[in-house]
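Have your viewer ready and the sequence panel open. We will go from one selection to the next.

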Amino acid sequence: MAQARVKARAPRKESVFGERFAVFAECLLTGVWIAVACLGVVTYPAAFAAGARHLRRSTAHEGGGRREFVMDFRAAVRGGWIVGLAGWAAVAAVWVDVQAARAGIPGGPFVGAVGLFALIGLTVAGLRAAAVWTPGARWRALLADAGRRTVLDPAGSFLLVGGLAVVACSALFVAPLAVPVLGAVAAAAVAVEERYRHR
């Protein structure tokens, strides 16, 4: 009689390795989505915001897929395209500074170095802002807060600089590899923001 009883089985728990590999695979897929969404040239802040939100949902075991990514991207691009345009203007200004430094203008190397460091700081602040974006959030407020966190959390900021360096190296050695690695950069930004929030 006791043997006839059917034991209710608990759902099989995924191994730690399997769970982490699933997150890694999700990051690579998200990188492809981010790359496609960046084709609009000024849409890269919105693409990273949508990618970061997708990864936050994924790590929280909430639903979400390509459709939700597209909806988030559409919401983020409303104000995000202005941020993207400002980013390209900053790149152009730094390019002029670097050209001045290479031309041998007095003070040029100093101005070029300051411009380059400022561009790196702006890029990190942009990634941190995208990592915490939610629908309805204003980009100006997000960037102001992210700028403060960039300065107050140098360790997290250096981690993001390292992630950007990995993307640059990937693009130099195997260009197609830079596409999925974009998702890893978005994941790094999400992780840095979570780390800062729990400090």
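Here is a short tour of a helix pair, its salt bridges and a surface patch.

This is a predicted model, in which local features need pLDDT of at least 70, side-chain atom pairs count only at pLDDT 80 or more, and totals for chains, interfaces and linings use all residues. Residues are numbered from 1 along each chain as its sequence is written, and side-chain values use heavy atoms, with hydrogens and water left out.

**Stop 1: α4 and α6.** Select helix α4 (residues 108–131) and helix α6 (residues 154–173), whose axes come within 10 Å and cross at roughly 100 degrees. That makes α4 roughly perpendicular to α6 (65 to 115 degrees). Axes are lines fitted to C-alpha atoms, for helices over the stretch in contact, with angles from 0 to 180 degrees between N-to-C directions. Helices are DSSP runs (H or I, at least four residues), numbered from the N terminus.

**Stop 2: salt bridges.** Now pick Arg128 and Asp153, a salt bridge with its closest N and O atoms 2.9 Å apart (a side-chain nitrogen of Lys or Arg within 4 Å of a carboxyl oxygen of Asp or Glu). Both Arg128 and Asp153 are buried (under 20% relative accessible area, 1.4 Å probe, protein chains only; exposed is over 50%, partly exposed in between). Add Arg149 and Glu193, which pair at 2.7 Å between closest N and O atoms. Arg149 lies in helix α5 and Glu193 in helix α7 (residues 178–197), so this pair ties together parts 44 residues apart in sequence. Show Arg195 too: Arg128, Arg149, Asp153, Glu193 and Arg195 are linked in a network of salt bridges.

**Stop 3: the loop after α1.** Finish at Val41, in the loop between α1 and α2 (44–59). Val41 has a positive phi, near 65 degrees, in a residue other than glycine, and is partly exposed at 48% relative accessible area.

How values were computed
Helix = DSSP H or I, 4+ residues; strand = E, 2+ residues; numbered from the N terminus. Parallel < 35°, antiparallel > 145°, perpendicular 65-115°, else oblique.
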